[in-house]
Each structure stands twice: as C-alpha cells, then as structure tokens.
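Trainee: I would like to go through the labels on this model and ask what stands behind each one.

Mentor: Then let us put it up and take them in turn.

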Amino acid sequence: MVEDREEWVEIYSDGACSGNPGPGGWGTLLRFGDTEKELSGFAAETTNNRMELMGAIAGLEALKRPCKVHLTTDSQYLKKGITEWIDSWIKRGWKNSQKKPVANRDLWEKLLELSDPHQIEWHWVRGHTGHAENERCDELARAAIASQTNE
C-alpha cells in the first residue's frame, strides 16, 4: 500500500549568519497539500547553529495539531543532534562527549518539546545545490538579516 503523502506536512528550514557569531536569520517553508506558508525571523547576535535550530522550531510551532511531518534541513548539526546525539546528551545530564555543557541546550529542549506530539521524519539535503525549497529558506533567512542590518 502506498502511503498518502497528502497526510504529511512538509517543513523545510534553514538558518544563516552574517559572521558567526553575528546577526542571523532563519527561514521556514511549510507545505500541506497545495497550501504553503513562509516564515522567517532575525536575531541581532547569534550563531548559524542557533538559526538552524530556530528554523525547525518555528516550523513546528506553526502546527496547530499533532501531524506527520517530513522536516528537511541542510544542517547536519540539526539532523544529527535531534536523531543521534540528544538521547546521549540527556543521559549525561546535558553534557556532550567531551563532558562539556551542550551548546544551545535551551533550543534543543524547545525542539524536543515541540517534536513530542508529532511523528517526524528528519531529512538532510546538501545546501546550496539547487534544492528549490532549501534555496527558498536560505533566501528567507538572508532577507531577514538584510531587513534588519542594511546588508
């Protein structure tokens, strides 16, 4: 039986930073059937990794009920963090493999909380290779930075 893709919400997210740290932005595209919604945001002093996390968080915050989600990112940090590393971080009291505090713990905890009611499949795509939705999210993230910094 082929699963009906119409049941799935697609979320694409990306983050960008002008300097790292520096002014940053995130962009998110949500798609359900023929309906699309674009979101973006800005932070004055941040890192690229925080913006990658914020893109995914914003996409999940936009969902009004528990959903089946395909979440696509070009960030290995985001994908591996949520699918491979987070359980170990929690078991070690939010310490990484070097026994140091996990960076961006506040956002990881928020992402975990927002993920809980949903069935999420995490996907990674190489950035800046012509993937239409990833390119659009990058544009949204960079536009958010430009709108606040005159870049």
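Mentor: What follows is a set of questions and answers on a predicted model.

Trainee: Why is Thr46 called buried?

Mentor: Its relative accessibility is 5%, and buried means under 20%, so Thr46 qualifies. Thr46 lies in strand E3, residues 35–46. Beyond its neighbours within four places in sequence, Thr46 is in contact with residues including Cys17, Asn20, Pro21 and Met51.

Trainee: Pro21 is on that list. What makes the peptide bond from Asn20 to Pro21 notable?

Mentor: The bond is cis, with omega near 15°. Most peptide bonds are trans. Pro21 sits in the loop between E1 and strand E2 (22–32).

Trainee: How do you know that the length of helix H2 agrees with its number of residues?

Mentor: H2 has 16 residues, 76–91, and at 1.5 Å a residue these should span 22 Å. The end C-alpha atoms are 21 Å apart, which agrees. H2 also bends by about 65° at Trp85.

Trainee: Which residues of H2 are buried, and what covers them?

Mentor: The buried ones are Tyr77, Leu78, Gly81, Ile82, Ile86 and Trp89. Their cover includes strand E1 (8–17), helix H1 (48–61), strand E4 (68–73), helix H3 (105–115) and strand E5 (119–124).

Trainee: What is found at the start of H2?

Mentor: A side-chain oxygen of Ser75 comes to within 3.4 Å of the backbone nitrogen of Tyr77. The cut-off for a polar contact is 3.5 Å.

Trainee: How do you know that Cys67 is not in a disulfide?

Mentor: The closest cysteine sulfur, in Cys137, is 17 Å from that of Cys67. A disulfide needs the two sulfurs within 2.5 Å, so this distance is too far for a bond. Cys137 is in no disulfide either, as its nearest cysteine sulfur, that of Cys17, is 17 Å away. A search of the whole structure finds zero disulfides.

Trainee: Are Cys67 and Cys137 buried or exposed?

Mentor: Cys67 has a relative accessible area of 11% and is buried. Cys137, at 0%, is buried.

Trainee: What makes the phi of Trp94 and of His128 worth a remark?

Mentor: Most residues other than glycine have a negative phi. Trp94 has a positive phi near 60°, and His128 has a positive phi of about 60°. Trp94 is in the loop between H2 and H3, while His128 is in the loop between E5 and helix H4 (132–149).

Trainee: Why is His128 called exposed?

Mentor: Its relative accessible area is 53%, and exposed means over 50%, so His128 is exposed. Trp94, at 9%, is buried.

Key
Residues numbered from 1 in each chain as written. Predicted model: local features only at pLDDT ≥ 70, side-chain atom pairs only at ≥ 80, totals over all residues. Heavy atoms only, no water. Helix = DSSP H or I, 4+ residues; strand = E, 2+ residues; numbered from the N terminus. Buried < 20%, exposed > 50% of the residue type's maximum accessible area, 1.4 Å probe, protein only. Contact = heavy atoms within 4.5 Å. Expected span 1.5 Å × (residues − 1). Bend = angle between axes of the 7 residues up to and from the residue. Polar contact = N/O pair within 3.5 Å; in protein donor to acceptor, adjacent residues only side chain to side chain.
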